Amino acid sequence: MAELNTGDGGGGKGGKVRSKKQNSKVDLTAMVDLAFLLITFFMLTTSLSKPQSMDLSLPDKDPDTKAKDETKVDENRTMTVMLGADNKMIYYMGLLASPIAGPKDITYGKDGIRRELLSRKKSVLAYSAAKGKPKNGIIVIIKPTKKSNYRNLVDILDEMAITGVETYAIVPEFTPEETKLIDKKQE
């Protein structure tokens, strides 16, 4: 009898021999570990790199109270600091027409404005205590010129925080005498 060719290579049992397909499972443990490491890394770095800022209280811009409230301040408690170009700074105590101290050039840092602020703060507290108001401290008026830079303003605000001066104001307005003084010092 004749054999039938089944195409399987001669065994006669029918069909091709195929390899079994195995279920391929990917182990995701390492990927999950990496994801948690990245999450914790970014949470840590963002919490460490929070920007530091200083609280700054500004008055309300109410048009009704404009130029109505002229507050009189004791000139013995007032220190005016004018910020000029090229990191120059001039200060005086009291009124410019009759200053208690100054006007003097002074530098930034612990041997300049910080030392002066601390000594003036102490003398003003002694003055206020003698008048029966021991909580009245020094009042610093900061006057940045258009030629001063932003870093100078930040530096003087830092000095206010370091020395513990609680009452200060940023006033970008100059009297004609102050303008002459700052222009004369910068020449």
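In the predicted model, Val26 is placed in the segment that precedes helix α1 (29-48). With a relative accessibility of 68%, Val26 counts as exposed, because the threshold for that class is over 50%. Val26 also belongs to a nonpolar patch on the surface, which further comprises Leu28, Met31, Val32, Phe36, Ile39 and Met43. Together, these residues present about 750 Å² of accessible area. An unreviewed UniProt entry annotates residues 26-44 as a "transmembrane region". In the model, this span is 84% helix and 0% strand, and its end C-alpha atoms are separated by 30 Å.

The protein as a whole contains 4 helices and 5 strands, arranged along the sequence in the pattern α-β-β-β-α-β-α-β-α. Of its 187 residues, 24% are buried.

Strand β1 (residues 78-83) is mostly covered, with 6 of its 6 residues buried. In a regular strand, side chains alternate between the two faces of the sheet. In β1, Thr78, Thr80 and Met82 point one way, whereas Met79, Val81 and Leu83 point the other way. The residues of both sets are all buried.

Strand β1 pairs with two strands described here. With β2 (residues 89-94), the pairing is antiparallel and extends over 5 bridges. Within this pairing, Thr80 stands opposite Tyr92 of β2. The two strands form a hairpin in which 5 residues lie between β1 and β2. Asp86, located in the turn of this hairpin, has a positive phi of about 55 degrees. With β4, by contrast, β1 runs parallel, and 6 bridges join the two strands. Thr80 stands opposite Ile141 of β4, and Val81 stands opposite Ile142 of the same strand. Thr80 therefore has a partner in each of the neighbouring strands, Tyr92 in β2 and Ile141 in β4, under the criterion that paired strands share at least two bridges.

Strand β4 (residues 139-144) is largely enclosed by the rest of the structure, since 5 of its 6 residues are buried. Besides its pairing with β1, β4 is joined by 4 bridges to strand β5 (residues 167-170), and these two strands likewise run parallel. Ile141 takes part in this pairing, its bridge partner in β5 being Ala169. The connection from β4 to β5 passes through helix α3 (residues 150-163), and the resulting β-α-β crossover is right-handed. Ile141 is thus linked to Thr80 of β1 and to Ala169 of β5.The structure holds 4 salt bridges, three of which are considered here. In helix α2 (residues 113-130), Glu116 and Arg120 form a salt bridge whose closest N and O atoms are 2.8 Å apart. The two residues are separated by about one helical turn, because they lie 4 residues apart in α2. Both partners are buried. For Arg120, the relative accessible area is 18%, which falls within the buried class because the limit is under 20%. The C-alpha atom of Arg120 lies 8.7 Å from that of Met93, although these residues are 27 positions apart along the chain.

A further salt bridge joins Asp111 and Arg115, with 3.0 Å between the closest N and O atoms. Whereas Glu116 and Arg120 are both buried, Asp111 and Arg115 are both exposed.

Helix α3 contains a salt bridge between the side chains of Asp155 and Arg151, with an N to O distance of 3.6 Å. These residues are also 4 residues apart, about one turn of the helix. The partners fall into separate accessibility classes: Asp155 counts as partly exposed at 21% relative accessibility, while Arg151 counts as exposed at 61%.

How values were computed: Residues numbered from 1 in each chain as written. Predicted model: local features only at pLDDT ≥ 70, side-chain atom pairs only at ≥ 80, totals over all residues. Heavy atoms only, no water. UniProt positions renumbered as here; feature names shortened; annotations may be inferred. Patch = residues over 30% accessible without salt bridge, like charges linked within 9 Å, V, L, I, M, F, W, Y side chains within 5 Å. Areas by Shrake-Rupley, 256 points an atom, 1.4 Å probe, with all protein chains shown as cover. Buried < 20%, exposed > 50% of the residue type's maximum accessible area, 1.4 Å probe, protein only. Right-handed = clockwise from strand over helix to strand, strands pointing away.
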